[in-house]
Amino acid sequence: MVDTKLKRWLYVLLLVCLLITFKVDGFYVDITYVENAVAKGAVCLDGSPPAYHFDKGFGAGINNWLVHIEGGAWCNNVTTCLARKDTRLGSSTKMVKKVTFSGILHNKATFNPDFYNWNRVKVRYCDGSSFTGDVEAVNPATNLHFRGARVWRAVIDDLLEKGMKSAQNALLSGCSAGGLTSILHCDGFSALLPTGTKVKCLSDAGYFVNAKDLTGTEHIQDIYNDVVTTHGSAKNLPVSCTSRLNPSLCFFPQYVAPNIRTPLFILNAAYDSWQIKNILAPGVADPHGVWHNCKLDVTKCSTTQLDTMQGYRLGFLNAIKELESSSSVGLFINSCYAHCQSTTQETWSRADSPVLDNITIAKAVGDWYNDRSPFKKIDCPYPCDKSCHNRVFDQNEHPGV
């Protein structure tokens, strides 16, 4: 009897602790559908309207806007796009009505010191092309709509009408495929805002590199080529890149970012867990699952696997090398095994958050955005950084391609 009562008491205590933690680390924000976008053909893969979540700014931040783009990889052909068409990554009808705002989207100064009172928006991702696609024809057999670029413009137009046209400060950010979006659309976003608006862009875990997999195959390059072809993305990629290179290469930040005119901050783990899983060691390159445990938990990697990952890190650092000399570019490249660090409170700004030179991600980004001081730090190799959480990404949140 005593044991039973003790177990119940411990269970209740655990629930209370979880509720307190949730209350501190985030809050719910309702969904908004851009219904008038449907008439413009600006729709998700299944033809449903785009959507976003919006928490209004207040006080000194009432004319400042932070637009954050959700992640979720890409679909690169009819088969993979059909697989997500009836999910939240392809249909706004399948999205939850409320999402949690935390990290860079939090509304409390304690947890988000520089952006807490801004107008904060989370744009839902439902097109599978990092908002670059635009194909007019719709095959009646699949009813797939490849209209990402139209969705992008419809959402931004809706936000402009809701007050962003008077923005004094603006930050376009994104995680994963959304982080890639913030790079590809950075200059375009700036061009849509008033001339006097201070505009910058933040890419969180969106700097996907053009690397070969374990077998020496250009797996990710082939996927990106299929994405660009399937979605008709070429005309919506930065001309500064497509005028020089094959459009499929212009889906890689390393060929685009050096020519972006708008100030850009790259937040990325050098051992990005999504990239290790899907670019370096995808299933097709590891048919016997030798890398399975290593990809789930970096502490279970063999010496040989760690050596391979160190090589990947060097390739990643080489891919950002051209940005190091730019005075407008910020860099926070840590050696964590992680993917997306700006929207989770524990990695964005908390007592135990990852740091570089004792500076959290939140402070680094805030200092850079507000011109208090530049930030361009690259971590030492794994496992030297003891501040890392080494969180493995949620497969449902950041699916493979």
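## Close-up views of a predicted model

**View 1. Lys200 lies over the face of Tyr369, at 5.5 Å from the ring centre.** The model shown here and in every view below is predicted. Lys200 has a second aromatic partner: its charged end sits over the ring of Trp368, 4.8 Å from the ring centre.

**View 2. The largest nonpolar core holds 78 residues.** Which members touch the most other members of this core? They are Trp74, Met164, Phe189, Tyr207, Tyr224, Phe251 and Met309. Helix α3, spanning residues 148-161, gives the most to the core, with 7 residues. Another core lies apart from this one. That core has 23 residues, including Phe101, Leu105, Trp348 and Val365. In soluble globular proteins, nonpolar side chains tend to be buried together.

**View 3. Phe251 and its contacts beyond the sequence neighbourhood.** Residues up to four places away in sequence are not counted here. Phe251 then touches Trp74, Leu180, Leu184, Tyr224, Val227, Val228 and Leu237, among others. Its contacts also include Ser129, Ser130 and Thr132. Phe251 has a relative accessible area of 0%, so this residue is buried, the cut-off being under 20%.

**View 4. Trp74 and Phe251 form an edge-to-face ring pair.** The count for the model is 21 aromatic pairs. Why is the pair of Trp74 and Phe251 edge-to-face? The ring planes stand at 70 degrees, and planes over 60 degrees apart count as edge-to-face. The ring centres are 6.3 Å apart. The pair links distant parts of the chain, with the two positions 177 residues apart in numbering. Trp74 sits in the loop between β3 (64-69) and α2 (78-85). Phe251 sits in the loop between α7 (239-242) and α8 (253-256). Trp74 counts as buried, at 1% relative accessibility. Both residues belong to one aromatic cluster, which also holds Phe208, Tyr224, Phe252, Tyr255 and Trp274.

**View 5. Phe131 and Trp152 form a tilted ring pair.** Their ring centres lie 6.3 Å apart. The planes are at 55 degrees, so the pair is tilted. Phe131 is in the loop between β5 and α3, while Trp152 is in helix α3. The two are 21 residues apart, and the pair links distant parts of the chain. Are these residues buried or exposed? Phe131 and Trp152 are both buried.

**View 6. Strand β1 pairs with strands β4 and β2.** Strand β1 covers residues 27-33 and strand β4 covers residues 98-101. How many bridges join β1 to β4? There are 4, and the two strands run antiparallel. Phe27 has Phe101 in β4 as its bridge partner. Phe101 is also one of the members of the 23-residue core. Strand β2 covers residues 51-55. It runs antiparallel to β1, to which 3 bridges join it. Here Ile31 has His53 in β2 as its bridge partner.

**View 7. The disulfide of Cys44 and Cys126.** A search of the whole structure finds 8 disulfides. In this one the sulfur atoms are 2.1 Å apart. The S-S torsion is about -75 degrees, so the disulfide is left-handed. Where do its two ends lie? Cys44 is in the loop between β1 and β2. Cys126 is in the loop between β5 (119-123) and α3. The pair links distant parts of the chain, 82 residues apart. Cys44 is buried, with a relative accessible area of 0%. Cys126 is buried too, and its relative accessible area is 0%.

**View 8. The disulfide of Cys241 and Cys250.** The sulfur atoms are 2.1 Å apart. The torsion about the S-S bond is about -90 degrees, so this disulfide is left-handed. Cys241 and Cys250 are both buried.

**View 9. The disulfide of Cys336 and Cys388.** The S to S distance is 2.1 Å. The torsion about the S-S bond is about -85 degrees, so the disulfide is left-handed. Cys336 lies in the loop between β9 (330-334) and α12 (345-348). Cys388 lies in the segment after β12 (376-378). The pair links distant parts of the chain, 52 residues apart. Both Cys336 and Cys388 are buried.

How values were computed:
Residues numbered from 1 in each chain as written. Predicted model: local features only at pLDDT ≥ 70, side-chain atom pairs only at ≥ 80, totals over all residues. Heavy atoms only, no water. Core = buried A, V, L, I, M, F, W, Y, C linked by side-chain atoms within 4.5 Å. Buried < 20%, exposed > 50% of the residue type's maximum accessible area, 1.4 Å probe, protein only. Contact = heavy atoms within 4.5 Å. Pairing = 2+ DSSP bridges. Disulfide = S-S within 2.5 Å. Phe/Tyr/Trp six-rings, centres within 6.5 Å; stacked < 30°, edge-to-face > 60°. Lys NZ or Arg CZ within 6 Å of the ring centre and 35° of its normal.
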